[in-house]
Amino acid sequence: MADDYLVRIGKLIRDARQHRGWTQSQLAEALGTSQSAVNRIERGNQNISLEMIARIGEALDSEIVSLGYAGPMHLRVVGGRRLSGAIDVKTSKNACVALLCASLLNKGRTVLRRVARIEEVYRLLEVLGSIGVRTRWINDGVDLELVPPTELNMASIDSDAAVRTRSIIMFLGPLLHRMDRFKLPYAGGCDLGTRTIEPHMIALRRFGLEVAATEGQYHARVDRAVRPDRPIVLTERGDTVTENALLAAARHDGVTVIRNASSNYMVQDLCFFLEALGVRVEGIGTTTLTVHGVPRIDVDVDYSPSEDPVEAMSLLAAAVVTESELTVRRVPIEFLEIELAVLEEMGLDHDRTPEYFADNGRTRLVDLTVRPSKLEAPIDKIHPMPFPGLNIDNVPFFAAIAAVAQGQTLIHDWVYDNRAIYLTDLNRLGGRLQLLDPHRVLVEGPTRWRAAEMMCPPALRPAVVVLLAMMAADGTSVLRNVYVINRGYEDLAERLNSVGAQIEIFRDI
């Protein structure tokens, strides 16, 4: 077999194994082989017989190559259907990836409850596994257990997985406590334009970390004599920048003050997790965090990340765009209050239950019921702001919502270079969006959606916005190569189908 064909087979086997919720070790045990052999097969570095492929398919209850290489995943959407019933919000993607990175701080066993089963998490698990962290899904694949090795093997890092996620940048904070020199592949993720890591470096240099970026890698060196002797002022109130500073401060032997910190949902969840590790954090929910570091962390910890406000916004937008009555349960209301205030101004008919706590005991949740509404364009433009403002990742959903409202809505997505451009893909589905510049889109509504076949935008939230518009369009649409959606949403098509959508997953044969 050609080497590239072996790589394709390996990826299919890996995807089938992860869908089953198995580790490489579990698959190896079922096959009577070694974990290293399974690793080589999945990486395309092992010749494999048809008999072995059949055995793997039987073990995983999955046809691997009986019809040839399946290729990318696509969605066929029969639109014009009303949604009904209730749907639960899953745990936060951005919190889960931060907690996976934070597990590197701990010498003990970490259990994370109801972890999002998404591609971004899978990529990080592949990276963690490649450097020696033992990971396995437990409790019928619902929860995740992580056990670190005595020493991390950075030389064997899975670069292919690392470059497919921007979250790898958050390894810098915890790794600077574990080794004096190390290398990481460049961070990847969504195509959202130029995104410098300099704000991360400004914060982490205060802990002695210096990074040179050459030949597709970050070359990191730590000077143990350098310690933060005054408050760290972040030059960007970014979520991952704040998280990296927190991860560095968590094992710094002393008190670290972080100013201009993000107080967004994933940062708060990380703070709650650090407290479970024994690190005291003052000022959670504000822009000044005071971290009382613990030089050595060796505890068995069990933590439940909270629900994802951006997924909640996705589901609310699905109901609005399809003119449906839908109850969205377990909504983290603190992180959607501005969005709901804007929607109320536009005329959204909805109600909410009394608040109750998430499983972490800290985040406030409600159940929201949305009903078909006659929406009017807002008077003011839609634009994001750091929390407690309108969430940056929720801005794209207002493009679809504005498209069904009466009048013109100006959306100003000032954070990312390219994302507003991708929103104009809605024009292929009947939308009337005018790109004023790379950051501003003028949306004219209401829209008579029409079915179309198109490629998935290379950015997560615009991709979901296109899917929602397809659900509202009469006829059958096709959205091709939806890997980017799977990066951030667990079983989104199946879950939408459970409340009345008609979305078929298929691959090219």
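Here is a walk through three parts of this structure.

This is a predicted model, so to speak a computed picture: local features need pLDDT of at least 70, side-chain atom pairs count only at pLDDT 80 or more, and totals for chains, interfaces and linings use all residues. Residues are numbered from 1 along each chain as its sequence is written, and side-chain values use heavy atoms, with hydrogens and water left out.

Let's start with a sheet. Its four strands are open-ended in the order β9-β10-β12-β11, with mixed pairing. At the edges sit β9 (232–233) and β11 (280–282), each pairing on one side only. Strands here are DSSP runs of E, at least two residues, while helices are runs of H or I, at least four, numbered from the N terminus; two strands pair if DSSP finds at least two bridges between them. Strands β10 (255–259) and β12 (288–292) are antiparallel, joined by five bridges, and Arg-259 faces Thr-288 of β12. Helix α10 (239–250) packs on this sheet and touches β10 and β12, where touching, or contact, means heavy atoms within 4.5 Å.

Now look at β22 (475–480). Strand β1 (73–79) pairs with β22 in the antiparallel sense over five bridges, whereas β21 (453–455) runs parallel to β22, with three bridges. Val-478 is the bridge partner of Arg-76, and Glu-453 stands opposite Val-478 too.

Finally, find Asn-394, in the loop between β17 (364–371) and α14 (395–403). Is Asn-394 buried or exposed? Asn-394 is buried (under 20% relative accessible area, exposed being over 50% and partly exposed in between, with a 1.4 Å probe and protein chains only), at a relative accessible area of 0%. Beyond its neighbours within four places in sequence, Asn-394 is in contact with residues including Pro-309, Met-313 and Leu-336.

Methods
Axes are lines fitted to C-alpha atoms, for helices over the stretch in contact, and angles run from 0 to 180 degrees between N-to-C directions.
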